[in-house]
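Trainee: Could you take me closely through a single part of this model, the exposed loop position with an unusual backbone angle, and then set it beside the packing elsewhere?

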Amino acid sequence: SLRRVATILARVTSAEAERATALAEVLATRAVLQRHLRAQDRAALLAESKPTYDALHARYGVEGLHFVTPPGTSFLRVHAPDQFGDDLTGRRMITRALADGEAQYGVEVGSTGAKVRGAVRMTDAEGPVGVVEVQIGYGPVLAQVKDLTAFDVAAYVRQEGPPPPEARMVDGYRELATTDRAVVLGVIDAESMDGVKDATLTRRTVAGERFGVLRAPLLDFEGRNIGVLVATRSFADFQRQESSALRRSVVTMLLQVIAVAGAALLSFNGLVVRPVQRLAERLASGEGPDPELAARGDEGGDLARAVARSAERRE
């Protein structure tokens, strides 16, 4: 079950990144958006893109729509229109999309934490205009994984610098999203989150109840380890199934022992006890061994023939 969760978590994250990129590619081809970005008309770009963002946010879990101008300056965050003008040349996803013209997608840390992102260069007849980026939070990703696996899941990123005031922290890790904070925090701590390089499967016992725990590295779009993903589920159901299977096995074994013993007893009675009783009864009445018994090739026949020979010698 834990290995299946690791596979599903990776696939859902990849699928969401591809979805974000597909949405960004659609927006990048809209001539009206290209025109407003080229003209540096922030108000017109916001008015044109806000209804689209609202629909994407309500229906598809999109948490950010971002327009960036070369060489990497935030021009408009549709989800936070008052925040613009900051330098994003340190964001590799943005600079690579601008430089290479190829869509970039995956996980990257930004000003609001690590998100699943798709970044696509916008180009008009005059050349590159900028980049449009669609952001999807980890909440929808983890919710899908829980629906598919029944495991509670959480995502944490290593915090660089002071965290935002509203950030939920586990020592040096910032919580991005979780399906059940109390359950997850019951099976992990900061020490168990450090140094996770591969998917690690363990068990923890909490208040006498056994939990399965998956810890996997949180990788960005370039494959760098930026945090940790945690999945956990109570194995009480598995324990009950295990105990039930053990009870069934013990009962089956006992029934087999009884059946074998019964068969052995029947065989012993038929092959040994009854023939000996018949021989004793004939001898007690002064008769010799039963000819039918003496003709048998087993131990009963050997005994009957030995008695007959002994009687012949006495005569």
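**A loop residue and its setting**

Mentor: In this predicted model, Asp171 is exposed, with a relative accessible area of 65%. Asp171 sits in the loop that joins β7 (169-170) to β8 (173-178), and its phi is positive, about 55°, although the residue is not a glycine. A second non-glycine residue with a positive phi is Ala207, at about 50°; Ala207 belongs to the loop between β9 (200-206) and β10 (209-219) and is likewise exposed, with a relative accessible area of 86%. Another backbone feature to note is the peptide bond from Pro70 to Pro71, which is cis, with omega near 0°, and Pro71 is placed in the loop between β1 (62-69) and β2 (73-77).

The buried side of the picture begins with the largest nonpolar core, which has 46 residues, and in which Leu65, Phe67, Met122, Val132 and Tyr138 have the most contacts. Helix α1 (residues 2-28) gives the most to this core, contributing 10 residues. Apart from this core lies another, of 14 residues, including Val187, Phe211, Val213 and Val228. In soluble globular proteins, nonpolar side chains tend to be buried together. Returning to Met122, and leaving aside residues up to four places away in sequence, its contacts include Leu27, Ala28, Leu33, Leu37 and Phe67, together with Gly127, Pro128, Val129, Gly130, Val131 and Val132; Gln34 is also among the residues that Met122 touches.

Methods: Residues numbered from 1 in each chain as written. Predicted model: local features only at pLDDT ≥ 70, side-chain atom pairs only at ≥ 80, totals over all residues. Heavy atoms only, no water. Core = buried A, V, L, I, M, F, W, Y, C linked by side-chain atoms within 4.5 Å. Buried < 20%, exposed > 50% of the residue type's maximum accessible area, 1.4 Å probe, protein only. Helix = DSSP H or I, 4+ residues; strand = E, 2+ residues; numbered from the N terminus. Contact = heavy atoms within 4.5 Å.
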